[in-house]
Structure formats: C-alpha cells, structure tokens
Amino acid sequence: MQSQDFFLIGEDRMENILSHSDPEFPIYITENNLIDPNSNAHLWHWHHAIQLCTVTDGSIIFHTDGESFLVKPGDGIFINDGCIHRSEAPTLPHGKYICVDFDIRLLQSFFGSVMESHIYEFMSNNIARAFMLSRDTPWMNSILDSVIEIYRQDQKRASAYELFICGHLFKIMGNLCRYSQNLYQKRGNHAEHSLQMREVISYIHNHYTHRISLGKLAEIAHVSESEFCRLFKRYFHCTAFSYILECRLRKSIELLLYTESSVTQIAYLCGFSSTSYYIRQFKASMGCTPLSYKNAHKTSCRITCMHHDE
C-alpha cells in the first residue's frame with residue numbers, strides 16, 4: 001500500500017500514516033528513499049502502529065526520542081506504537097529501507113480469542129520503544145525475512161495477497177511475543193515527558209508558518225523555558241529553533257518542486273521573515289539558492305510524478 005511521499009506538515013500526515021492505507025486492510029508498505037528530500041522520514045513523526053524496517057541500501061541512522069541506532073544493510077529496527085522517530089542516511093547517495101507499518105488490531109481476530117490474549121499481553125508489557133533487528137539473532141532474522149516477503153507480496157498484489165501478508169504478520173508477532181521479553185524499556189523521567197514532546201512536535205508542524213516562541217513551547221511541555229531547552233536537546237539532538245528552521249526549509253523544498261510559487265511567495269508561506277533570510281538559510285543548508293535547486297530538480301520530479309500517476 002504505497003502513496004507518494006510529500007511533507008504535509010500541519011495535516012496530521014506525520015502522525016496518521018495509516019490513514020493513507022485501505023481501511024479494510026490497515027497496513028502501510030513502502031520503500032523509503034532518503035535521497036529524496038521530500039521523504040516523510042526526515043522529520044520527527046510517529047505512528048499509531050507498529051513499524052518494522054529493514055535497510056536495503058547504505059546505512060541508516062534511526063533517531064528515537066533519546067536514542068540513535070546505526071542500522072547496516074540487511075539489518076533492521078522495531079519501532080513501537082507511538083514512538084517518535086526520524087531517519088537519516090550518513091552514506092548518501094545510498095539510503096533506502098523497506099518499511100511496514102501495521103495496526104495491531106489487524107491480527108486480533110474475534111473478541112476473547114487466544115490471538116487477542118497474546119497481543120494484549122505483548123502491548124501491556126513495557127516493551128522498549130525501539131530496538132535493532134540483527135541478522136545474527138535467529139528470531140530477528142526471521143522477522144527481517146518476513147518484512148521483505150511482505151514487501152514482495154505487496155508489489156505483486158497476486159490473488160489473496162492480503163492473506164499471505166497477514167500470515168507473515170502473525171509470524172512476526174509470534175517471534176515478538178515469544179522472544180522480546182528481555183527488551184523492556186527502562187522507566188524514568190525520559191518516558192514521562194514523551195507525550196509532551198510529541199505535543200510540542202505537533203505544534204511545530206501545525207504552526208511553522210507563524211512565529212513560534214520558546215515560552216509557548218515550554219507551556220505545551222509543562223516545564224520552564226530552561227528545562228524545555230534541555231529536554232528538547234536531549235530528545236531530539238538539536239535545539240527547538242534549529243528544528244523549526246528545518247521544518248520550514250523542507251516544506252519550502254516541496255513548494256519549490258511541486259508548485260509554481262515564486263521564491264518570495266514560498267519564503268512567506270513557510271514562515272520566513274524575509275526573502276533574503278530564506279535564501280541565506282536555504283543556501284547554508286542545501287549548498288545552493290532556492291531557484292538553483294528548483295531548476296536542477298524540477299524536471300526529475302515531474303518524471304517521478306508521471307510514474308506515480310501511471
């Protein structure tokens with residue numbers, strides 16, 4: 001179940017990825033390419049779903065709220081329901097991974113079933129928000145094989161492919177229920193602030209076009225401004241204002257490539273105080289001016305869109 005990856009900041013795209021899947025089959029399957037600046041994986045986001053990934057090209061760094069994982073080709077990662085995360089490719093131009101997001105309710109069968117009992121027990125345990133999946137561990141290797149096969153089934157879409165995918169999902173959950181009991185999350189203040197940090201990220205995604213004050217972000221997190229700065233850096237490995245700038249720049253890339261808006265219009269649509277400030281920040285980040293970037297990339301983006309439409 002694939003959809004084109006655009007940044008729809010402010011439209012809950014980052015939180016509700018499963019809304020783009022078939023409501024009768026709530027699973028989202030794709031191959032993320034981090035070479036694409038419009039990949040939805042660049043910014044902090046989360047899903048109301050379990051996410052399983054396996055790296056297919058290059059190495060990928062998956063950042064979660066407070067921890068980072070360097071995942072090499074062939075290996076992967078488990079990301080729990082509600083865990084805020086992002087990814088980056090330190091080995092560009094290589095940076096691809098298969099991603100499967102699924103609603104756990106897809107496997108619950110009927111009320112009171114033994115499947116529901118196992119899944120409820122798994123979700124009730126304090127399982128880690130995220131952990132690596134290594135080919136060197138047999139049960140993790142089995143999960144990674146299933147992720148690849150799910151992707152293949154989705155690509156082929158043969159008759160009753162959904163049943164074959166569910167078979168692999170049951171196998172994955174069987175391995176998680178049986179072997180992940182030693183992967184419990186450490187309790188502490190870090191977990192206590194996770195929900196507030198998600199609310200902060202949502203606020204930034206929905207208000208990046210306007211001025212965002214440190215006081216407002218601290219109010220959302222229910223902490224002092226100094227404590228907020230410390231928490232944000234601890235969770236997201238950057239300052240709040242550098243992240244706001246990144247959101248604005250990435251949204252501007254979408255507008256450059258997929259609209260006919262002028263550079264001046266884009267600057268103000270994305271919350272920059274002036275065109276000159278936007279151009280300066282864009283050049284510092286991307287190594288060229290917005291107009292140069294647009295001219296260099298727009299043709300290839302049109303070809304990509306035509307292929308998607310086909």
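## A hairpin to start with

Strands E3 and E4 make a hairpin, with 2 residues between them. In the turn sits glycine 66, which has a positive phi of about 115°. Keep in mind that this is a predicted model.

How do the two arms of the hairpin line up? Strand E3 covers residues 60-64, and 5 bridges join E3 to E4, the two running antiparallel. You can follow the pairing residue by residue: isoleucine 60 has valine 71 of E4 as its bridge partner, and isoleucine 61 has leucine 70 of E4.

## The sheet of 3 strands

The hairpin belongs to an open sheet of 3 strands, in the order E4-E3-E6 and with antiparallel pairing. Which strands are at the edges? They are strand E4 (67-71) and strand E6 (85-88), and each of these pairs on one side only. Go from strand to neighbouring strand in this sheet and you find them turned by 20° against each other on average, direction ignored.

A bit of background helps here: strands of a sheet pair through backbone hydrogen bonds, either parallel or antiparallel.

## The sheet of 5 strands

There's also an open sheet of 5 strands, again one with antiparallel pairing. Read across it and the order is E1-E7-E2-E5-E8. Its edge strands are strand E1 (27-33) and strand E8 (130-133), each pairing on one side only. The twist from one strand to the next averages 20°.

Zoom in on the E1 edge. Strand E7 takes in residues 96-102, and 7 bridges join E1 to E7, which run antiparallel. One place to look is tyrosine 28, whose bridge partner in E7 is aspartate 101.

This sheet has a helix lying across it, too. Helix H3 (residues 161-179) lies across E1, strand E2 (50-57), strand E5 (76-79), E7 and E8. H3 runs at about 85° to E1.

## Helix H5 and its partner H6

Now over to the helices, with H5 as our guide. H5 spans residues 194-207, while helix H6 spans residues 214-221. Their axes come within 8 Å and cross at roughly 140°. That makes H5 oblique to H6. H5 passes H6 in a right-handed crossing.

Which residues make the contact? From H5 come Gln196, Met197, Glu199, Val200, Tyr203 and Ile204, and from H6 come Lys216, Leu217, Ile220 and Ala221. Sorted by class, the contact of H5 with H6 has 7 nonpolar, 1 polar and 2 charged residues.

## H5 meets H7

The axes of H5 and H7 come within 11 Å and cross at roughly 90°. An angle from 65 to 115 degrees counts as roughly perpendicular, and that makes H5 roughly perpendicular to H7.

On the H5 side, the residues that meet H7 are Ser194, Met197, Val200, Ile201 and Ile204. They meet Phe228, Leu231, Phe232, Tyr235 and Phe236 in H7. By class, the contact of H5 with H7 has 9 nonpolar and 1 polar residues, with no charged ones.

## H5 meets H8

Helix H8 covers residues 240-258. H5 and H8 pack at an angle of about 40°, with their axes 10 Å apart. That makes H5 oblique to H8. Is the crossing of H5 and H8 left-handed or right-handed? The crossing is right-handed.

Ile201, Ile204 and His205 of H5 meet Tyr243, Ile244 and Cys247 of H8. The residues in the contact of H5 with H8 divide into 5 nonpolar and 1 polar, with no charged. Look back and you'll spot Ile204 of H5 in the contact with H6, in the contact with H7 and in the contact with H8.

## A pair of rings in H7

How many aromatic pairs does the structure hold? There are 13 of them. Take phenylalanine 228 and phenylalanine 232: their ring centres are 5.7 Å apart and their planes are at 50°, so the pair is tilted.

Where do these two rings sit? Phenylalanine 228 and phenylalanine 232 both lie in helix H7 (residues 225-236). They are 4 residues apart, which is about one turn of the helix. Both of them turn up in the contact with H5 as well, as Phe228 and Phe232.

Terms used: Residues numbered from 1 in each chain as written. Predicted model: local features only at pLDDT ≥ 70, side-chain atom pairs only at ≥ 80, totals over all residues. Heavy atoms only, no water. Axes fitted to C-alpha atoms, helices over the stretch in contact; angles between N-to-C directions. Parallel < 35°, antiparallel > 145°, perpendicular 65-115°, else oblique. Left-handed = near helix turned anticlockwise from the far one by under 90°. Contact = heavy atoms within 4.5 Å. Nonpolar A, V, L, I, M, F, W, Y, C, P; charged D, E, K, R; others polar. Pairing = 2+ DSSP bridges. Phe/Tyr/Trp six-rings, centres within 6.5 Å; stacked < 30°, edge-to-face > 60°.
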